[in-house]
Amino acid sequence: MELTGAQAMLECLKKEGVHTIFGYPGGQILPFYDALYSEKAIRHILVRHEQGAAHAADGFARATGQVGVCVATSGPGATNLVTGIATAYMDSIPMVAITGQVATSLLGRDSFQEADITGITVPITKHNYLIKNIDDLPRIFKEAFHIARTGRPGPVLIDIPRDVQNAKINFKYPEKAEIPSYKPKYEGHPKQIVAAAKAIAASKRPLIYAGGGVISSNAAKELTELALKCKVPVTTTLMGRGAFPDTNDMSLGMLGMHGTVYANYAVQECDLLIAIGARFDDRVTGHIAKFAPKAKHIHIDIDPAEIGKNVRIDIPIVGDVKTVLKELVEKVAVKDDHAAWLDQVMEWKRKYPLSYKNNGTIKPQYVIEQIYDVTKGDAILTTEVGQNQMWASMFFKFIKPRTFITSGGLGTMGYGFPAAIGAQVGCPDKLVFDIAGDGSIQMNIQEMTTAVNNKLPVKIIVLNNSYLGMVRQWQEILYEKRYSSVDLEANPDLVKVAEAYGAAGIRVTRIEEVRSAIEESLKIKDRPTLIDFRVAREENVLPFVPPGQALNEMLVD
Ligand SMILES: Cc1ncc(C[n+]2csc(CCOP(=O)(O)OP(=O)(O)O)c2C)c(N)n1
Ligand SMILES: [Mg+2]
């Protein structure tokens, strides 16, 4: 079948099962958009800023488990994707970013809207390609999707000069990607699995530390089996929220800088730490030399580069989390019910619950609890970055994987709203909330048009403290309240902003109105709703392990 490069791009996408893409057109991607004009099988969501396209593709990927696809033109279109690509890279999210490029004859000549996007994105993509020859196009698409979704997932960029989009090709899609240098290892080494099973059986105070890898490998079920069979409590990272149900007694919630007291104590006291699909990020470990000082370490991860990167590992297992956990659950013999250890952990849970003081003002934690209460946890939460993000993670109970979508690694303000759009497009029957800060929401507020045009009933929950709250908190605690450039009292009226875009806007200033406003927003099904919750301005996220401290050295109030 003879096709143009642009038509071939669409065929490749369809062969990969893609039915939705997020993008923004421009000169060097015109042939692709022209081919798209008569394409029925692919839905294109027109965003209002390319960063929105990248985050929406990322949110779509996290919510559905499929590869997210975003498209932009060359130069500024491509560079606008960069933050979104870096966000996906840091959190190992499968994504393919397609960019138009100036014609091959103009490459390297500082042509109009030329940017070396493959050069720029080398450190933030799993791999990238510049297609100079049309004959390579089908193979490159096949490889790009294969690389994005296999092994440790990640973003792949394909840059396609305009003349290549116009060239002709006798189209045939390869059956398989053959990349000799890329063979991710799925099976864990059997000896290592036996060693881990023995260590678990011999331990007195074991703890599972589960990260985002459990979710990307769809291993929540296997993780739960291991925890329940071996009577091991589970703490998750920010990225791992939802990998183990918070409603289970054995759940200790999140560990780390804003971890629960009981999770952090358990880390410091355990004699065996079983790290699964996690990467010992500094926000998790605190002072690294003082992290889990009494524990032997097992580390299960598909990426060999993660083993021993930050912490010395006693029993590494390189392999796919799901595949390895299946084996491990089978091999492990349970000798001990860890009763004394579980009693201790439960006592910490009772003694140091997550808490906050109600004093008549609207506490942001209360808003999150009410969203949980109204939805019974059956919702997808995305977040922006800052205090809003931490409260969302701490005060909502996540029951299933792929229900908490947040920028963990890069910490990208402006992520949550476009990610919510992507999640809602991917999961039209789910309730989707973006838990936002008043600072972050303004970073991609233009996507309100995208949500309105596509009738997406995303709920934007602004925990409005009129501050860059997390930065203010650090300035309060670490810089003697020298509040430097964090006051946002000059914020626009966000209700009016929402209404101007054609969305619904609700303002809540009294605690009694919190629940009814959430309920009200659930009735609005044909457009987004922004609720501007005027919350206590100087509320802090606690517990807080100040940077450089050990996990048991946390500030609690
Ligand atoms: C793009 C970007 N710029 C700056 C920061 C640094 N930063 C982290 S949290 C934060 C404050 C966020 O304010 P807001 O969205 O109002 O959330 P709050 O902490 O008040 O809930 C800032 C500026 C960031 N994470 N991302
Ligand atoms: Mg704020």
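This briefing walks through the surroundings of ligand 1 and then the salt bridges of the protein. Please keep in mind that the model is predicted. Around ligand 1 there are 17 residues, and the protein covers 76% of the 580 Å² of accessible area that the ligand has on its own. Across the whole structure, a search finds 35 salt bridges, and a few of them are introduced below.

**Who surrounds ligand 1**

- Among the 17 residues around ligand 1, the ones that come nearest are Gln387, Gly411, Gly439, Ser440 and Gly469.
- By character, the shell around ligand 1 is made up of 9 polar residues, 7 nonpolar ones and 1 charged one.
- Two helices, H17 (387-395) and H20 (469-478), each bring at least two residues to the shell around ligand 1.
- Of the contributors to that shell, H20 gives the most, with 3 residues.

**Polar contacts with the backbone**

- At Gly411, a polar backbone atom sits 2.8 Å from a nitrogen atom of ligand 1.
- At Met413, a backbone N or O atom is 3.4 Å from a nitrogen atom of ligand 1.
- At Tyr467, the partner is an oxygen atom of ligand 1, which is 2.9 Å from a polar backbone atom of the residue.

**Salt bridges within helices**

- In helix H14 (residues 321-331), Lys331 and Glu327 lie 4 residues apart, about one turn of the helix.
- Lys331 and Glu327 form a salt bridge, and their closest N and O atoms are 3.1 Å apart.
- Both partners are partly exposed: Lys331 has a relative accessible area of 38%, and Glu327 has one of 28%.
- Helix H11 (residues 220-230) holds Glu225 and Lys221, which are separated by about one helical turn because they are 4 residues apart.
- The side chains of Glu225 and Lys221 also meet in a salt bridge, at 3.7 Å from N to O.
- Here Lys221 is exposed, with a relative accessible area of 56%, whereas Glu225 is partly exposed at 34%.

**Another pair and a network**

- Asp136 and Arg139 join their side chains in a salt bridge, with 3.7 Å between N and O.
- Asp136 is partly exposed, its relative accessible area being 28%, and Arg139 is likewise partly exposed, at 37%.
- Salt bridges can also be followed through a network here, one that links Arg152, Asp303, Glu306 and Lys309.

Conventions
Residues numbered from 1 in each chain as written. Chains lettered and ligands numbered in written order. Predicted model: local features only at pLDDT ≥ 70, side-chain atom pairs only at ≥ 80, totals over all residues. Heavy atoms only, no water. Near = heavy atom within 4 Å. Polar contact = N/O pair within 3.5 Å; in protein donor to acceptor, adjacent residues only side chain to side chain. Areas by Shrake-Rupley, 256 points an atom, 1.4 Å probe, with all protein chains shown as cover. Nonpolar A, V, L, I, M, F, W, Y, C, P; charged D, E, K, R; others polar. Salt bridge = Lys/Arg side-chain N within 4 Å of Asp/Glu carboxyl O. Buried < 20%, exposed > 50% of the residue type's maximum accessible area, 1.4 Å probe, protein only.
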